[in-house]
Amino acid sequence: MSSKLLDLLNREYAATGAFVTLLDQEAAAMTQGEFTRLPDIAARKSTLADQIAWMAKQREMEQLSLGHASGRRGADAAAAAGDEALQHAWRNLLERAAQAHTSNHRNGVMIHTHLDFTRQTLGFLQAGSQPLYGPDGGHKTGQGGGHCLALG
């Protein structure tokens, strides 16, 4: 068994867990309408995704050095050739990666739902290129003069 491979798997597992936590924070921010938090969360997600990709590359290099192929097939073979701790670490990482994938998909659906709603709202507000309110604060309905909200 490679203790280096086990260490890499454990580090990747921890980083993927931190990524899932950020995805949950992103979902909570959207659900609570705290959209100003999203740029910071997105920046942290991007940094962490780069770190996870680097860790995966290191893990792949280690599995190659152990005589296994690259990619998922090689990682499966490296884990199968290892002891129970290595197999357990690989299974845990796969489960955590699946969780991250599901959470990321959920957030993508939420983002697209918000975008669609915003587009529809803007479309309604811009219908006919007529402003809803005139310079005097009067609400315009169609081609009519409207009612001034300031007058009651």
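1. A patch, as the word is used in this note, is built from residues with over 30% relative accessible area and no salt bridge, and nonpolar side chains are joined within 5 Å. In this predicted model, Leu-122, Phe-124 and Leu-125 make up such a nonpolar patch on the surface, and together they carry about 310 Å² of accessible area.

2. One member of that patch, Leu-122, lies in helix α4, which covers residues 84-125. Leu-122 counts as partly exposed because its relative accessibility is 42%, a value in between the limits of 20% for buried and 50% for exposed.

3. Turning to the fold as a whole, the protein contains four helices and two strands, and, read from the N terminus on, these elements follow the order α-α-α-α-β-β. Among contacts with a separation of 6 or more, 55% join residues that are 24 or more positions apart.

4. As for surface and interior, the accessible surface of the protein amounts to about 9,600 Å², and carbon and sulfur atoms account for 58% of that area. Of the 152 residues in the protein, 29% are buried.

5. Lys-45 also deserves a comment: this residue is placed in helix α2, which spans residues 38-65. Lys-45 counts as buried because its relative accessibility is 13%, and buried means under 20%. Leaving aside residues up to four places away in sequence, Lys-45 touches Phe-19, Leu-22, Leu-23, Glu-26 and Asn-104.

Definitions and conventions:
Residues are numbered from 1 along each chain as its sequence is written. This is a predicted model: local features need pLDDT of at least 70, side-chain atom pairs count only at pLDDT 80 or more; totals for chains, interfaces and linings use all residues. Side-chain values use heavy atoms; hydrogens and water are left out. Buried means under 20% relative accessible area, exposed over 50%, partly exposed in between (1.4 Å probe, protein chains only). Contact means heavy atoms within 4.5 Å. Accessible areas come from the Shrake-Rupley method with a 1.4 Å probe; for residues, only the protein chains shown count as cover. Patches are made of residues with over 30% relative accessible area and no salt bridge: like charges are joined within 9 Å, nonpolar side chains (Val, Leu, Ile, Met, Phe, Trp, Tyr) within 5 Å. A salt bridge is a side-chain nitrogen of Lys or Arg within 4 Å of a carboxyl oxygen of Asp or Glu.
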